[in-house]
Amino acid sequence: MAGTDQLEAPRTLLAFDGFVLDLTRGVLTAEAREVVLRPKTTAVLAHLLAHAGQIVSRDALLSVVWGDVAVSDDSLTQCVSEIRRALGTVQADMLQTHARRGYVMATRLRPVAPAADPSGLLTPGAGPDAATPPGSEAAMQAGSRPRSRLAWAALVVAGFALVVGGLGLVFSAGSWIGASRLPAPAAPSVVASAQPSSWDEARQLLAEGRIAQQGDGTYEERLRASLPLFLRALALEPRLADAAAEAVFVHTNLRTTGVSRDPELDLREAERLAAVAMAASPEASLSLAAQAAVLRQQRRFAEAIVFYERAGRVIDRANAGIMHLMLGDAESAQPPLRAALQESPLHQFSAGWRVYLGLAKLMTGQPDQAADDFLTSTALSFPTEERLFYRLVALQGAGRLAEAQALDANLRQRDLALLARPLRALGVSDEAAYRARFETAVLAPLHRMGWVQVGR
């Protein structure tokens, strides 16, 4: 019999850190943005969310999502990449890779009213904690039609049974499940506090810090604007390893880009915060990358390679290549740098990776291939004049003499103070093998062309 006491079938919605995954539609929503996911990608994300905070092995994902169908590891890799793209630049690290172990969704499921609509859970521009808490007075008033006490009692009893019995969420889209072999994620608590938890507040601050790094101003200004947000997040939740790791990257990047006001203090803070991240989550990708970043600043390049390779993200693999270069192994540096540029050509640090790749090519006798690597104009770690000096060496070595002469004339018209600055690439490593190859491949040709003051 129809009436206000009749319960609607529950919508299959999973909410986490400002996102809502609609399993029926295969859509991931964040504020006003909707991303349609492939069915298998939706199934992978749902299973990871069902085990949020836990490592899920690749074998487990392949078994649950594809069952007995034989597929290559690349099928899962494509799903993971699609999920990260859907999460966006700021939150892509929420899906963490644990080398040789699997994946972790570093988040927590949040309660969702069964009949809620994703568009009603988020207020554009308000951030993840803008959702109206399910079961609150405001949520009840916002419903499209009232429910009787009997209906709400049925919901509470059903929620209690789910939590106590561990039965998980009931999915109503049966045909979708059959196509995707979607697992049933564990149900979050039906009772939600009207006040966000310290964990939610810390995650919100973490997100705001990452957004600050994508905002206006110079790179230094954006780094400095993000640091207080990461530290506040860590103060609220000392277990939030990602906040500690992000703070590490601020301190190390200030040093790497040459804008640190106190390099020794930045290094000490980076060391302290990396220890916090490793203590909180020693196998998380960001914790491993933070430890690697500190080792890099300490010029312990061989040790840094181990941690970067364990971290496993694109940026970590690129940094492992740079560490090989710092050790003077220009041959081993090139494959990971090429792979990173192919996988993420628009990454915010890709221009710097390309300059390092160009230097590796110069050191291995490939000047013609290296020349265009120095054309990039957004390499944060390298001043324009330094980058153009490297291009001049490459053009001259490749026999592209007309281009070399034109660039040489252009450089001689620039401010002498800019031209006299120390080469940053020369100062990044004290390794004898690196400095010897840099001297032979870069400095000696420049000196022969009359630029005798460069690198002195």
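Two residues are taken to be in contact when heavy atoms lie within 4.5 Å. By this criterion, in the predicted model, residues 24 or more positions apart account for 61% of those contacts in the chain that have a separation of 6 or more. The secondary structure of the chain comprises 22 helices and 6 strands. Of the 456 residues, 48% are buried. The area exposed by the chain is about 21,000 Å², and 55% of this area is supplied by carbon and sulfur atoms.

Four strands form an open sheet in the order β1-β2-β3-β4, and the pairing is antiparallel. The edge positions are held by β1 and β4 (33-36); each has a single partner strand, so one side of each is left without a neighbour in the sheet. From one strand to the next, the twist averages 20°. Helix α1 (residues 39-50) packs on this sheet and touches β1, β2 and β3 (27-30). The direction of α1 makes about 120° with that of β2.

Strands β1 and β2 (residues 19-22) pair in the antiparallel sense over 4 bridges. Among the bridge partners, L13 is matched with D22 of β2, and L14 with L21 of β2. The hairpin of β1 and β2 has 2 residues between the strands, and in this hairpin D17 adopts a positive phi near 40°.

In a regular strand, side chains alternate between the two faces of the sheet. Strand β1 (residues 13-16) is covered on both faces. L13 and A15 are buried on one side, and L14 and F16 are buried on the other. The residue L13, bridged to D22 in β2, thus belongs to one side of β1, while L14, bridged to L21, belongs to the other.

A helix pair was also examined. Two packed helices are described by the angle between their axes and the distance between the axes. Helix α12 (residues 285-297) packs with helix α13 (residues 301-311) at an angle of about 165°, and their axes are 8 Å apart. Because angles over 145 degrees count as roughly antiparallel, α12 is roughly antiparallel to α13. The crossing of α12 past α13 is left-handed. On the α12 side, the contact is made by S285, L288, A289, Q291, A292, A293, L295 and R296. The α13 side contributes F301, E303, A304, F307, Y308, R310 and A311.

Notes. Residues numbered from 1 in each chain as written. Predicted model: local features only at pLDDT ≥ 70, side-chain atom pairs only at ≥ 80, totals over all residues. Heavy atoms only, no water. Buried < 20%, exposed > 50% of the residue type's maximum accessible area, 1.4 Å probe, protein only. Areas by Shrake-Rupley, 256 points an atom, 1.4 Å probe, with all protein chains shown as cover. Pairing = 2+ DSSP bridges. Axes fitted to C-alpha atoms, helices over the stretch in contact; angles between N-to-C directions. Parallel < 35°, antiparallel > 145°, perpendicular 65-115°, else oblique. Left-handed = near helix turned anticlockwise from the far one by under 90°.
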